[in-house]
Amino acid sequence: MSELPPSSGWMHESVMLRECLQYLRLLPGMTVVDGTLGLAGHALAMSREIGPNGQLYGFDWDEAMLQEAARRLTDESVAPYELVHANYRSIPDHVSGVDAILLDLGLSSVHIDTAGRGISFRNEDEPLDMRMDLSRGEPASALLNRWTASQIERMLKDFGDERWAKRIAEKIVERRRDKPIRTVGDFVQCVLAAIPVAAREKRIHPATRSSQALRIAVNGELDELSEAIEDIARCLGPDGRMVVLSYHSGEDRAVKQAFRRLASEGDFEDLTKKPLEPSTEEVQRNSRSRSAKLRAIRRKNGHEGQREDDLG
Ligand SMILES: C[S@@+](CC[C@H](N)C(=O)[O-])C[C@H]1O[C@@H](n2cnc3c(N)ncnc32)[C@H](O)[C@@H]1O
């Protein structure tokens, strides 16, 4: 079990909720999947649309989040629901022929603010763990203490587009010769030591890119993501719709490629040639929505393109 506090005061504003619902076109009685349940904001909105005759499936790989979501769904869900503690990549093992699937790939505000797992670079005293699912994988500190400088550099470049990747990797290797990297602060100090003050971006903390990269690596967030999205979309039934919210270029690229491949086969219609972005008002209200990109796809019903009198 994770060390997240058993509080129900956690807050997370659901990103692009109105747009998600517009694209999903939910109706009473539908079966829907929320692959990234979080605090169940989107899920509760979906449950209201599908009503008591619908069915909601919710996935989250973080057990503490799932428990908090369960509490909220027990109190407020209109639709019956089933929760699964698993990676959303396992959706095809659990469901098929569903009417709607939502993936909100962002970090929950809970992870950033309160998780105690070193996910935010601001919490310098926390152990540098970063795992979302504490029941598997290795903490970030173990990777940084084991990888070669060139492996660290590759990770920072590939997952964070970090210009100073080589210097940061060298600083990490230099520092761990004295003592192992253990806390968020140990990592952030290496990043700060590597990036010249004059070259730092004003808009974001100097460790933003590196810590995003490390989190993606620790959790395998981009590993074969495009193929996984494609497999998940195949769980839709006729006329079923899937919406994916992504928050950085690597994720959006994977979603775009998956949807293009599916559309090119003829069975699916790509509903968003260009991704949708949140409104200015939403970004002002909730700065965490600022990098969101929404893409949507629909599975065709098998009758499209036929003349009406062919349909029998
Ligand atoms: C941005 S939050 C979702 C917020 C939610 N849509 C809401 O409105 O409350 C993303 C959630 O997805 C979970 N998550 C991220 N990647 C996952 C994965 N590969 N499999 C399962 N859950 C994942 C995280 O633990 C987190 O709780």
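Helix H7 is followed by aspartate 161, whose phi is positive, near 50°. That is a good place to start in this predicted model, and H7 itself is worth a look too. From there the briefing moves to helix H11, to a few single residues, and to the empty space, which includes one cavity of 30 Å³ or more and a largest pocket of about 1,300 Å³.

**Helix H7 and the residue after it**

- Aspartate 161 sits in the loop between H7 and H8, and its positive phi occurs in a residue other than glycine.
- Here is some background for that angle: most residues other than glycine have a negative phi.
- Is aspartate 161 buried or exposed? Its relative accessibility is 52%, so aspartate 161 counts as exposed, the cut-off for that class being over 50%.
- H7 itself runs over residues 149-160, twelve residues in all. From first C-alpha to last, H7 reaches 16 Å, close to the 16 Å expected at 1.5 Å a residue.
- Which residues of H7 are buried? They are Ile152, Glu153, Met155, Leu156 and Gly160.
- These buried residues lie on the same side of H7, because they cover an arc of only 160° around the axis.
- Three helices pack against the buried residues of H7: H6 (140-146), H8 (165-178) and H10 (208-219).

**Glutamate 153, a charged residue under cover**

- Glutamate 153 belongs to helix H7.
- With a relative accessible area of 16%, glutamate 153 is buried, since buried means under 20%.
- Setting aside neighbours within four places in sequence, glutamate 153 is in contact with Ala165, Lys166 and Ala169.

**Helix H11 and leucine 225**

- H11 is mostly covered, with seven of its nine residues buried. They are Leu225, Ser226, Ala228, Ile229, Glu230, Ile232 and Ala233.
- What do the buried residues of H11 pack against? Their partners include two helices, H4 (91-94) and H12. The strands S4 (98-104), S5 (236-246), S6 (268-270) and S7 (293-299) are partners as well.
- Leucine 225 lies in H11 and is buried, at a relative accessible area of 2%.
- Not counting residues up to four places away in sequence, leucine 225 touches Tyr88, Arg89, Glu251 and Ala254.
- Between the C-alpha atoms of leucine 225 and arginine 182 there are 29 Å, while the two residues are 43 residues apart along the chain.

**Two loop residues to set side by side**

- Alanine 40 is in the loop between strand S1 (31-34) and helix H2 (41-50). Its phi is near 65°, a positive value in a residue other than glycine.
- The relative accessible area of alanine 40 is 0%, so alanine 40 is buried.
- Valine 197 is in the loop between helix H9 (184-194) and H10, and at 64% relative accessibility valine 197 counts as exposed.
- Valine 197 and serine 141 are 56 residues apart in sequence. In space, C-alpha to C-alpha, the two are 25 Å apart.

**The cavity**

- A short word on the idea: rolling a probe the size of a water molecule over the atoms shows where empty space is left.
- How many cavities of 30 Å³ or more are there? The count comes to one.
- The largest cavity has a volume of about 450 Å³. Of the 30 residues that line the largest cavity, Thr36, Trp61, Asp104, Leu105 and Gly106 are the closest to its centre.
- By class, the lining of the largest cavity has eleven nonpolar, 13 polar and six charged residues.

**The largest pocket**

- About 1,300 Å³ of space lies in the largest pocket, which is lined by 41 residues.
- Which residues lie nearest the centre of the largest pocket? They are Thr208, Gln212, Tyr247, Arg290 and Ser291.
- Helices H5 (109-114), H7, H10, H11 (225-233) and H12 (249-265) each supply at least two residues of this lining.
- H12 gives the most to the lining of the largest pocket, with six residues.
- The lining of the largest pocket divides into twelve nonpolar, 16 polar and 13 charged residues.

Technical notes:
Residues numbered from 1 in each chain as written. Predicted model: local features only at pLDDT ≥ 70, side-chain atom pairs only at ≥ 80, totals over all residues. Heavy atoms only, no water. 1 Å grid on protein atoms, 1.4 Å probe; cavity = no way out; pocket = protein on both sides within 12 Å on 5 of 7 lines; lining within 4 Å. Points joined across faces, edges and corners; volume = space filled by probe spheres on them. Nonpolar A, V, L, I, M, F, W, Y, C, P; charged D, E, K, R; others polar. Helix = DSSP H or I, 4+ residues; strand = E, 2+ residues; numbered from the N terminus. Expected span 1.5 Å × (residues − 1). Buried < 20%, exposed > 50% of the residue type's maximum accessible area, 1.4 Å probe, protein only. Arc of directions from axis to C-beta. Contact = heavy atoms within 4.5 Å.
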